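The following explanation is intended for a reader who meets this structure for the first time. Please keep the sequence and the model at hand while reading.

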Amino acid sequence: MSMQEAADHADAILDGTFAAIEPAVHWAHGESTESSCDVSRRRAVMTIISPERRGSFLGVVERYWKAEGYRQLGVNQSAKSPATYFETPDQFRVRLLIGGNGQAFFEVATPCFAKSSVSPPTADTAGPNYAGKSIPDPNVRSDFWSSTSPISSASPTTLASEG
């Protein structure tokens, strides 16, 4: 596999992850980086995820990654910057981190592969594209993810966990 093929696979991992998040969130590409043999792809969530819903957001992603056969490597349960870390069966490392101002950041880091040039991600963002610019704090409200009320038993998060 070349670094470009690895980057494409990392993008597919992110595409699958975002497709599993219900209700859907707005996101933007983060910085992509490459070293001598590996690539990291990043996405930032532009939807405001309230402190009351962050645990549910992490749970939706963790359940999807586990269903995909990913192995959990670690978790940071800090109230300020919770994070979860997984590895795919083909040794791609995936991370979800809730950073400053509650913004969710995803990263997929590839293992080492044959050196090749790497093109930028091609997936259309869900919202504005900030390529080449600083990504602002989350600025899209969601009736579900931005809510400060407790989650009811019939919420999409609960339903997704039952499926």
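The paragraphs below take up a helix, a set of strands, a nonpolar core, a disulfide and a few individual residues in turn.

The model shown here is predicted. A convenient place to begin is helix α1, which covers residues 3-20. Its 18 residues, at 1.5 Å a residue, should span 26 Å, and the end C-alpha atoms are 26 Å apart, so the expected and the computed span agree. The buried residues of α1 are M3, Q4, A6, A7, A10, D11, I13, L14, T17 and F18. These buried residues pack against β1 (27-29), β2, β3, α2 (54-67), β6 and β7.

One residue of this helix may be followed in detail. A10 lies in α1, and because its relative accessible area is 0%, where buried means under 20%, A10 is buried. Which residues does A10 contact, once its neighbours within four places in sequence are left aside? They are R41, F92, V108 and T110. A further link across the sequence is found with R42: A10 and R42 are 32 residues apart along the chain, while their C-alpha atoms are separated by 9.2 Å.

The account now turns to the strands. Strand β5 comprises residues 83-87 and is joined to β6 by 5 bridges, the two strands running antiparallel. Within this pair, F86 stands opposite V94 of β6. The hairpin of β5 and β6 has 5 residues between the strands, and Q91 takes a positive phi there, near 70°. On its other pairing, β6 meets β7, again in the antiparallel sense, over 6 bridges. Here L97 has F105 in β7 as its bridge partner. The hairpin of β6 and β7 likewise has 5 residues between the strands, and in this hairpin N101 takes a positive phi near 55°.

Strand β6 also repays attention for its two faces. In a regular strand the side chains alternate between the two faces of the sheet. In β6, which spans residues 93-98, V94, L96 and I98 form the covered face, whereas R93, R95 and L97 form the uncovered one.

R93 leads back to the neighbouring strand. The side chain of R93 makes a polar contact of 2.8 Å with the side chain of E87, and E87 is placed in β5. Is E87 buried or exposed? With a relative accessibility of 11%, E87 counts as buried. Apart from neighbours within four places in sequence, E87 is in contact with Y70, R71, L73, F92 and R93.

The covered face of β6 leads in turn to the nonpolar core, through L96. The largest nonpolar core holds 27 residues, of which I21, F57, W65, L96 and F106 touch the most other members. The elements that give two or more residues to this core are α1, α2, β6 and β7. The greatest contribution comes from α2, with 6 residues. L96 itself, not counting residues up to four places away in sequence, touches F57, L58, V61, W65, P82, A83, T84, A104, F105 and F106.

A covalent link is considered next. A disulfide is a covalent bond between the sulfur atoms of two cysteines. The count for this model comes to 1 disulfide, formed by C37 and C112, whose sulfur atoms are 1.8 Å apart. The pair links distant parts of the chain, 75 residues apart: C37 lies in the loop between β2 (33-34) and β3 (39-45), and C112 in the loop between β7 (104-109) and α3 (156-162). Why is this disulfide described as left-handed? The torsion about the S-S bond of C37 and C112 is about -125°, so the disulfide is left-handed. The two cysteines fall into separate accessibility classes: C37 is buried, at 16% relative accessible area, whereas C112 is exposed, at 52%.

The loop between β7 and α3 also contains S142. This serine is buried, with a relative accessible area of 13%. A polar atom of the S142 side chain lies 2.9 Å from the backbone nitrogen of W145. When residues up to four places away in sequence are not counted, S142 touches T47 and S147.

How values were computed. Residues are numbered from 1 along each chain as its sequence is written. This is a predicted model: local features need pLDDT of at least 70, side-chain atom pairs count only at pLDDT 80 or more; totals for chains, interfaces and linings use all residues. Side-chain values use heavy atoms; hydrogens and water are left out. A disulfide is a pair of cysteine sulfur atoms within 2.5 Å. Helices (H or I, at least four residues) and strands (E, at least two) are DSSP runs, numbered from the N terminus. Buried means under 20% relative accessible area, exposed over 50%, partly exposed in between (1.4 Å probe, protein chains only). Two strands pair if DSSP finds at least two bridges between them. The expected span of a helix is 1.5 Å times one less than its number of residues. Contact means heavy atoms within 4.5 Å. A nonpolar core is a set of buried Ala, Val, Leu, Ile, Met, Phe, Trp, Tyr and Cys residues joined through side-chain atoms within 4.5 Å. A polar contact is a pair of N or O atoms within 3.5 Å; within protein, one must be able to donate a hydrogen and the other to accept it, and residues adjacent in sequence count only if both atoms are side-chain atoms.
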